[in-house]
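Q: How does one read the ligand site and the hollow spaces of a protein model? Please take me through them step by step.

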Amino acid sequence: MRLPKFEHLQPESLEEALELLAEHGEQAKVIAGGTELLVSMKHGLLAPSYLVNLKEIPELNFIAYDGEGGLRIGALTKLATLIGSPVIQESFAVLSRAASLVAAPPLQQMGTLAGNLCLDTRCLYYNQSRFWRQARPRCYKTGGDTCHVVKGGNRCLAAYQGDVAPALIALGASVKIAKKGADRIVPLADLYTGKGERPLALQADEVLVEVQVAAEAARWGGDYQKLRYRGAMDFPLVGVAAVVSRDGLDTIARASLVLTAVSTAPILAEEAGRLLQGQELTDELVAQAAGAAYEVARPVNNIGSNPSYRRKMVRVLTKRAIRNAWVRE
Ligand SMILES: Cc1cc2nc3c(=O)[nH]c(=O)nc-3n(C[C@H](O)[C@H](O)[C@H](O)COP(=O)(O)OP(=O)(O)OC[C@H]3O[C@@H](n4cnc5c(N)ncnc54)[C@H](O)[C@@H]3O)c2cc1C
Ligand code: SF4
């Protein structure tokens, strides 16, 4: 499979990158590590005329933490750097763990934080070569008017399968997004539209610049649990991030549970968190919270494995994640 033709643009500052994106609009695409984008281009899913490469922009590559301002991570930070960061290992373990379960070490050396957060949604009928896809009519995600997964369905249900977003959403993270002449800070959860066809609330001329986590999150315990075919490599079939904080010795002050790979966007299991809040942790309570997480999971048959099995595994992984997060708090 060959890459389509494109012009490679190499800005040396964020300002220059934003200029280029403003100039080329929908014809341009940002590239960071390229581990997802180039595969999609080879499959003929995307054919941007310009690739705006962020790799030579040092101001996007940093990890900064202070006890008042909290944690800030530049968009271009490699997953391997994030995993190896002592402050993230010690104070934001859920993030370190989720990143360490992305793909495999060679891809963690290339893949970046923003590239991971900005992953496209995936589907067995979409992430295929052009030749493979030609055997079927176009579906909603490729501009057609049908879905091969849900017969008679009226929208695309391609799955969001990023591992890092659930951990960061559970930590209450925000993202800074910039375009020429303006920037905005939004909760990371709001980056995801829930639409399989167009999963990100990001315009063509916008760049995700950094991720921010409040300092208080450094005191919370967290865990990320992942189900995948091959432990050494694959995207999640289910992922569950849990973050908890204590009130005194035995009471849960706050709990946040976020699921991935079971819908078109990461899902905050609000009822599960609410059930745990203000309670002492018991087996019965953990089972109730896991049941509430199960209720909001909506896997369909589009990323491998049986959806009802994946949904059952939400219950299992949620229990494990809550228990581990509590011990680490
Ligand atoms: C075999 C294989 C297995 C994988 N397994 C996993 C897995 O288990 N879990 C997982 O989460 N991922 C997995 N991935 C996906 C991918 O490797 C990682 O998510 C990686 O972190 C993507 O980062 P990148 O820098 O390479 O992104 P790129 O490929 O460079 O970009 C991905 C997308 O993000 C956009 N983008 C990049 N940076 C920015 C920015 N700053 N602002 C706005 N948009 C931006 C790009 O335009 C593109 O649309 C896998 C990939 C492969 C090939
Ligand atoms: S879920 Fe349906 S519409 Fe979406 S990519 Fe898959 S087949 Fe296409």
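The turns below deal with the ligand site, a pocket and the cavities.

Q: What kind of model is this, and how are its parts numbered?
A: This is a predicted model, in which local features need pLDDT of at least 70 and side-chain atom pairs count only at pLDDT 80 or more, while totals for chains, interfaces and linings use all residues. Residues are numbered from 1 along each chain as its sequence is written, chains are lettered from A and ligands numbered from 1 in the order in which they are written, and side-chain values use heavy atoms, with hydrogens and water left out.

Q: Which residues surround ligand 1?
A: A residue is near a molecule if one of its heavy atoms lies within 4 Å of it. Here 32 residues surround ligand 1, and Val-30, Gly-33, Thr-35, Thr-112 and Asp-163 are the closest. By class, this shell holds 18 nonpolar, nine polar and five charged residues. Ala, Val, Leu, Ile, Met, Phe, Trp, Tyr, Cys and Pro count as nonpolar, Asp, Glu, Lys and Arg as charged, and the others, Gly among them, as polar.

Q: Where does ligand 1 lie with respect to the domains?
A: Domain bounds come from an automatic or database domain assignment. Ligand 1 lies between domain 1 (1–54) and domain 2 (66–118 + 159–328), because both give residues to its shell.

Q: Which polar atoms lie by the oxygen atoms of ligand 1?
A: A polar contact is a pair of N or O atoms within 3.5 Å; within protein, one must be able to donate a hydrogen and the other to accept it, and residues adjacent in sequence count only if both atoms are side-chain atoms. A polar backbone atom of Gly-33 is 2.7 Å from an oxygen atom of the ligand. For Lys-226, a polar side-chain atom lies 2.9 Å from a ligand oxygen.

Q: How much of ligand 1 does the protein bury?
A: Accessible areas come from the Shrake-Rupley method with a 1.4 Å probe; for residues, only the protein chains shown count as cover. Ligand 1 taken alone exposes 980 Å², of which the protein buries 91%.

Q: How is a pocket told from a cavity?
A: On a 1 Å grid over the protein atoms alone, a cavity is a set of points where a 1.4 Å probe fits but cannot get out, and a pocket is an open set with protein on both sides within 12 Å along at least five of seven lines; lining residues have an atom within 4 Å of a point. Grid points are joined across faces, edges and corners, and a volume is the space filled by probe spheres set on the points. The second largest pocket has a volume of about 210 Å³. Its lining has 16 residues, with Ile-169, Arg-254, Ser-256, Leu-268 and Glu-270 closest to the centre.

Q: How many cavities are there?
A: The count is two cavities of 30 Å³ or more. The largest cavity has a volume of about 90 Å³, and among its 14 lining residues Cys-123, Cys-139, Cys-147, Val-149 and Cys-156 lie nearest the centre. The second largest cavity has a volume of about 30 Å³; its lining has seven nonpolar, three polar and no charged residues.
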